[in-house]
Amino acid sequence: MPSNHLPLLLAAYQYKFGRDVEAMAQHLIDDIAVGWDELGTDLLDDAPPTLVATLTGGEHWPSRTLDHLITPDGSPPVRMTVTDTTASDLGMPWGYILHPQGIEVISMAHTGTGPLVAWDTDPNTPFSDHPAHWPAITTRRTPTTSRTARPPRPAAGAAPTGPRTAARR
């Protein structure tokens, strides 16, 4: 849910990854085999202790990948590809796309583009799980037909996370 994932991802970008979206994408997307089971407080490394306490309620837990999956035929699990058509079958209500200027949040109930939250947004900002209730700091990305040198990549929340959330409150 955006109310949990956005503050964690914004703080991770600003502190752990030193405002380097490529380093963040490498860690969250490229360095994992299948997906994430849970995003943990290790993403808040180097964040101010008061921010960590605010976002986590003082709890600490590790990030966990989906490396314990067993497929019906015993073959190794493969990375899931999430599209507008497969998102509902995978039980994914939200998607997150990392852009150079911010993180796009897409509600799978409303396909297409979603609000873009700038990377410099305060992680303490209260986010609703309903985009219509978000504060004025969000903007809507205008779809484009031109490709950049590297297409935007889905963030950690683009893999099924089950009933767990990124930040416990």
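## How H1 and H2 cross

Helix H1 passes helix H2 in a right-handed crossing. Keep in mind as you look at it that this is a predicted model. Two packed helices are described by the angle between their axes and the distance between the axes. Here H1 covers residues 2–16 and H2 covers residues 21–30. Their axes sit 9 Å apart, at an angle of about 125°. Roughly perpendicular stops at 115 degrees and roughly antiparallel starts over 145, so H1 and H2 count as oblique to each other.

Which residues do the meeting? On the H1 side you'll find Leu9, Ala12 and Tyr13, and on the H2 side Val21, Met24 and Leu28. Sorted by class, that contact has six nonpolar residues, with no polar and no charged ones.

## Tyr13 and its aromatic partner

Tyr13 is worth a second look, as it turns up in the H1–H2 contact and also in an aromatic pair with Trp119. The structure holds one such pair. Is it stacked or edge-to-face? The ring planes are 20° apart, and planes under 30 degrees apart count as stacked, so this pair is stacked. Centre to centre, the rings are 4.2 Å apart.

Along the sequence, the partners come from distant parts of the chain, 106 residues apart. Tyr13 belongs to helix H1, while Trp119 lies in the loop between strand E5 (115–118) and strand E6 (138–140). Are the two residues buried or exposed? The cut-off for buried is under 20% relative accessible area. Tyr13 comes in at 8%, so it is buried, and Trp119, at 3%, is buried as well.

## The chain as a whole

Zooming out, the chain has three helices and seven strands. Going along the sequence, they follow the pattern α-α-β-α-β-β-β-β-β-β.

How much of the chain is buried? Of its 169 residues, 43% are. As for contacts, take those with a separation of 6 or more: 63% of them are between residues 24 or more positions apart.

## Thr56 in helix H3

The last stop is helix H3, which spans residues 49–56 and includes Thr56. With a relative accessible area of 2%, Thr56 is under the 20% cut-off and therefore buried.

If you'd like a distance to check on screen, try Thr56 to Gly40. These residues are 16 apart along the chain, and their C-alpha atoms are separated by 9.5 Å.

Terms used: Residues numbered from 1 in each chain as written. Predicted model: local features only at pLDDT ≥ 70, side-chain atom pairs only at ≥ 80, totals over all residues. Heavy atoms only, no water. Axes fitted to C-alpha atoms, helices over the stretch in contact; angles between N-to-C directions. Helix = DSSP H or I, 4+ residues; strand = E, 2+ residues; numbered from the N terminus. Parallel < 35°, antiparallel > 145°, perpendicular 65-115°, else oblique. Left-handed = near helix turned anticlockwise from the far one by under 90°. Contact = heavy atoms within 4.5 Å. Nonpolar A, V, L, I, M, F, W, Y, C, P; charged D, E, K, R; others polar. Phe/Tyr/Trp six-rings, centres within 6.5 Å; stacked < 30°, edge-to-face > 60°. Buried < 20%, exposed > 50% of the residue type's maximum accessible area, 1.4 Å probe, protein only.
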